Amino acid sequence: MKKILVIGAFGQIGSELVPALRKKYGRDNVVACGHMHKPDESALNTGPHDFFDVTNKKALEDIVDKYDTDTIYHLASILSAAGEKNPQLAYFVNNTGTYNVLEVARERKLERVMIPSSIAVFGSDTPRDNTPNKTILRPSTMYGISKVHGEMLGHYYFHKFGVDVRGVRFPGIISNVAQPGGGTTDYAVDIFYYAVKHKPYTCFLKPDSTLPMMYMPDALKAIMQLAEADGSKLKHRTDFNLSAFSFSPAELAAAIKAELPDFKIDYKPDFRQAIADTWPRSIDDSAARAEWGWKPDYTLQAMVKDMIRELSKRL
Ligand code: AKB
């Protein structure tokens with residue numbers, strides 16, 4: 001039976017990935033590990049959990065041994081906007097954390113390591129429409145640089161040491177459970193919290209700033225499907241482009257207005273606009289589709305309806 005360690009388990013993706021993994025592999029086989037995010041008691045009572053700092057290699061080794069780990073999902077990362085406020089911290093946490101995970105996986109001969117990447121690997125030299133899998137990677141943020149580093153290091157550990165490292169380049173992720181923290185795409189989650197409370201929303205990106213996005217159930221499906229994919233069929237490893245839908249703030253606002261006609265939005269772009277301006281508008285994910293059968297379930301309209309339904313129940 002698999003013994004899975006999720007690092008960064010109480011962040012935006014981890015908060016929903018842990019329950020999904022527990023459903024599939026059993027409650028006691030998935031250990032939720034946090035450091036900076038401290039969840040409430042109800043989240044802790046759902047299964048095994050621990051706290052440690054992934055930049056401390058000895059602490060990581062101890063946790064991997066303690067839980068007899070064979071698979072790691074390494075989600076701990078400082079995102080694009082937060083990383084631009086403290087690039088030194090983003091460099092340290094993102095690069096050292098990934099290096100430690102790969103080193104421990106090599107030394108302990110772990111079965112698999114999942115390290116998500118991001119559309120932040122792309123930069124202003126990259127084609128912005130239908131961005132290919134293999135293209136120019138010259139990001140403008142420390143977060144993007146650390147994700148390029150993670151992809152390349154993962155590739156190196158696979159070819160040099162046989163560590164089975166896999167990863168997808170996530171677009172902005174929209175979810176109704178945990179809120180993201182410090183990303184350029186966070187507006188696409190925040191906006192729903194205002195809309196269902198019938199409050200006007202001020203968006204930090206321009207109305208026509210189109211970015212690729214995805215609903216959380218598709219993001220979970222992608223990472224779990226890639227983890228289970230037949231390795232012999234994978235030509236890529238750590239850098240699969242993924243696409244679901246793209247929209248601008250104005251298009252998202254219109255889709256919300258179709259459900260909640262009193263919703264109002266205005267725009268006050270800040271430093272995050274310069275980051276968004278270097279990211280793709282749409283993504284070519286044909287490699288993921290061909291190599292492991294990726295296909296998203298949610299359209300923009302289906303995501304908007306579901307977000308409003310779920311948040312209205314809770315808020
Ligand atoms: C961010 O905005 O930094 C993240 C990402 C696209 O990786 N959501």
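Biologist: How far apart in sequence are Lys-58 and Asp-62, and in which helix do both lie?

Modeller: Lys-58 and Asp-62 are four residues apart, about one turn of the helix, and both lie in α3 (residues 57–66). Helices (H or I, at least four residues) and strands (E, at least two) are DSSP runs, numbered from the N terminus. This is a predicted model, in which local features need pLDDT of at least 70 and side-chain atom pairs count only at pLDDT 80 or more, while totals for chains, interfaces and linings use all residues. Residues are numbered from 1 along each chain as its sequence is written, and side-chain values use heavy atoms, with hydrogens and water left out.

Biologist: What does Lys-58 form with Asp-62?

Modeller: Side chains of opposite charge can pair when their charged atoms come close. Lys-58 and Asp-62 form a salt bridge (a side-chain nitrogen of Lys or Arg within 4 Å of a carboxyl oxygen of Asp or Glu). Their closest N and O atoms are 2.9 Å apart. The structure holds 22 salt bridges.

Biologist: Into which domains is the protein divided?

Modeller: Domain bounds come from an automatic or database domain assignment. Domain 1 covers 3–171 + 214–241, and domain 2 covers 172–213 + 244–281 + 298–314. Their centres, taken over C-alpha atoms, are 24 Å apart.

Biologist: How many residues of domain 1 are in contact with domain 2, and what area is buried between them?

Modeller: In domain 1, 29 residues are in contact (heavy atoms within 4.5 Å) with 32 residues of domain 2. The buried area (accessible area, 1.4 Å probe, that two parts lose on being put together, summed over both) is about 2,600 Å². Carbon and sulfur atoms give 60% of that area. Gln-12, Arg-128 and Tyr-215 supply 32% of what domain 1 buries against domain 2, more than any other three residues.

Biologist: How many salt bridges and polar contacts cross the interface of domain 1 and domain 2?

Modeller: A polar contact is a pair of N or O atoms within 3.5 Å; within protein, one must be able to donate a hydrogen and the other to accept it, and residues adjacent in sequence count only if both atoms are side-chain atoms. The rule finds one salt bridge across this interface and 15 residue pairs in polar contact, both residues at pLDDT 80 or more. On the side of domain 1 that touches domain 2, α1 (14–25), α4 (80–85), β11 (211–215) and α8 (216–228) each supply at least two residues. Helix α4 gives the most, with five residues.

Biologist: Which side chains have polar atoms close to an oxygen atom of the ligand?

Modeller: An N or O atom in the side chain of Ser-80 is 2.5 Å from an oxygen atom of the ligand, and for Tyr-143 the distance is 2.7 Å.
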